[in-house]
Amino acid sequence: MSHWLAVLVQTPAHSAVAGPLTYRSALPLAAGTLVRVPLGSREVLGIVWATLDGPPEGRLAQDARAVAGVLEGLPPLGPAWRQLVGFAASYYQRALGEVALAALPPQLRELSAVQLARRLKRQALAGGEAPAAEPLRLSAQQAQALARLEGEPGPFLLFGATGSGKTEVYLHAVQALLQREPEAQALVMVPEINLTPQLEARFTERFGPQAVVALHSGMTPAQRLKSWLAAHGGAARIVLGTRMAVFASCPRLRLIVVDEEHDPSYKQQEGARYSARDLAVYRGRLEGAKVLLGSATPSLESWHHSRPAEQGGRYVRLEMPERIGAGSLPRVRRVDMNHQPRRAVFSAPLLEAIRERVARGEQSMVFLNRRGYAPVLHCADCGWKSGCPYCSAWRVFHKNDRTLRCHHCGFTERVPRACPDCGNADIAPLGRGTERLEEHLTELLADLRRPDGAPLRIARIDADTTRLKGALQAQLAQVHAGEVDVLVGTQMIAKGHDFRRITLVAAVNPDGALFSSDFRAPERLFALLMQAGGRAGREAAHSAASEMWVQSFHPGHALFEALKRHDYPAFAASQLKERAQAGLPPFSFQALVRAEARTQELAQSFLNAASAAAQAELAALPGWDQVLARLSLYPAVPMSVQRVANVERAQMLVECPSRAALQRFLAAWHGVLHATRAQPEHKGLIRWAVDVDPLAI
Ligand code: ADP
Ligand code: ZN
Ligand code: ZN
């Protein structure tokens, strides 16, 4: 006798096979069971998605093939996990098979039955509890936050200043949970791989190394599988990871922490473009796990959700305004660049302040959000600029290896000796990146010595200096060890790192974000500056003298005024007011459809045709006129970097005050997009994809 199963396999994003396939099995298999099934001439990993009552109709039954094998020793993926994956696929408009299989560790696809059995055995042998460290005594505000966390269902937004001890609250929350329920599991997420070692150290110190597993893309496939098995089998108490960890199978999940919840890294930017933060909230509800989002500068969405319940708020806001140990937040100093010599990169007062720090043996951090030496090379004679032949973008000048590099397609060439157009030998860099900033600062401070008479040490940390594995850790260790006096870098250095001896942080040129066409740019800048400022004076002994410097041509801008007062709530209130007036998120919901083609015209005409077809088709159906009336479908436009690697890119924005209505429309539109793509006039289209709740539009 045969049992009939609907099995999910990895399917290409837009293949015709979007849902589960039908297979036969001699044995009854529960939903969630991991299996190997034949697909074409290959054998692939599959997930039993549902058991069917009987054979499917007609041909399907004859064509159905038999399950090749079961992954022995692995419990089935639970119903909550399957619901989470199902929701993510439908909400973010991707194939179920793609989302489900991508949520599993890649090695699970490759291991033979024997290899897997060996892994599971090794897993079972590991063990032995290490002694755990004593917890710290909570401050009054930490204790209060924890008490509410324990007593209320949430979800919670922990709004705590940098250095207020949010991590300590997470540690206590996990501890309280495990005391109550020793078999429970907690999922703790951080935005970036670089931040995991620090956090992992704090958790293993507290709970012992056996209790904690990490899950992020910087791990080897074998490590990832090991962590995943520990989480799925229930052996791991704490799963710590980046956005991908939101899909970790944890059968006894009771607590989800999303640290730095505002960070854009929680949004996946390719494939299924999910927000791990939003999925965490959804997952918490599904599994009955408490959700704790934490930030000193929450996303405006989460902040808005945490308004008082009488005004419609859905999250509980927990506040921790004070730094631990009575450390004060850095004093914000604004320099009006209108009163500085033209072309000055470092104003005299900032330079003087850095000199003072060096003389006192303290560290400074200077950041600029642009890597490379200069964003473009330029010939003053004929106007030539170092454009990329394949992209609508400039190639960035990197001085250390004398290259021009396109940061979009990667195209790299040696810097020409003379202008390629007119032969002028005098081509010059325009603007500056971190490499040039470091060089400039080295010149400006050439006469300076450390208190011990040794030469000054300036270091740079950005994507270029940290390409090699372990490079970032090594460089951070140097900063921690006090071997660096001035640290120059991109936003990479502004996030999360616990630099104890930095007493001055400077943003040399943050103005770009004030007038950006991206409505989220001010929010991101404010968060970045608050985070960066949060790096200063974390040692209470230094905090009184710590400063955050901002050089700007608009020093009176409301954003900087709020920054000066460390007043996130005021900043958020003014931004939310603007967003409400403009009907932007969180007061509306957005989706983008992006299309790529050889010509801009084709990319746009595909989107416009699909939009027109959807409106015409749906308007004819009962009940749809109301949905369509609330929806704004904008015309297709070129993306801000319109051409990358010779591919033209266009996008179309859809906006709606109702999330449910937008979701209904997107679900219906999906088929229309496929049909439009199939029309002969759109044959040349390369690809299209939907981005729900996009972060950059
Ligand atoms: P945040 O995550 O809010 O930036 P952390 O949790 O990293 O803050 O805490 C900042 C510093 O204060 C850390 O060095 C931490 O060990 C210390 N700390 C936190 N809570 C306490 C406490 N209750 N007693 C003493 N030190 C604490
Ligand atoms: Zn020229
Ligand atoms: Zn390019």
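**Notebook: two zinc sites**

I started with C379, which is buried at 0% relative accessibility. A reminder to myself: this is a predicted model.

Next I looked up what C379 does with its SG atom. C379, C382, C419 and C422 each give an SG donor to the zinc ion (ligand 2), at 2.3 to 2.4 Å. Along the chain I read the donor spacing as C-x2-C-x36-C-x2-C. I then checked C382, and at 40% relative accessibility that residue is partly exposed.

Which arrangement do the four donor atoms around the zinc ion (ligand 2) make? The angles run from 105 to 112°, so I noted it as tetrahedral. For four tetrahedral donors the ideal angle is 109.5 degrees.

Then I moved on to the zinc ion (ligand 3). Its protein donors are the SG atoms of C388, C391, C406 and C409, 2.2 to 2.4 Å away. I wrote the spacing down as C-x2-C-x14-C-x2-C. C388 and C406 link distant parts of the chain, 18 residues apart. I found C388 in the loop between β16 (376-379) and β17 (396-398), and C406 in the loop between β18 (403-405) and β19 (412-414). The site of the zinc ion (ligand 3) is tetrahedral too, with angles of 106 to 112° among its four donor atoms.

Are C388 and C406 buried or exposed? C388 has a relative accessible area of 6%, so I put it down as buried. C406 is buried as well, at 3%.

Last, I looked up the domains. I listed five entries, among them domain 1 (3-122) and domain 4 (374-431). The C-alpha centres of domain 1 and domain 4 are 50 Å apart.

Conventions. Residues numbered from 1 in each chain as written. Chains lettered and ligands numbered in written order. Predicted model: local features only at pLDDT ≥ 70, side-chain atom pairs only at ≥ 80, totals over all residues. Heavy atoms only, no water. Donors = N, O, S within 2.8 Å, 3.2 Å for Na, K, Ca; no water. Tetrahedral: all angles 85-135°; square planar, octahedral: opposite > 155°, others 65-115°. Helix = DSSP H or I, 4+ residues; strand = E, 2+ residues; numbered from the N terminus. Buried < 20%, exposed > 50% of the residue type's maximum accessible area, 1.4 Å probe, protein only. Domains from an automatic or database assignment.
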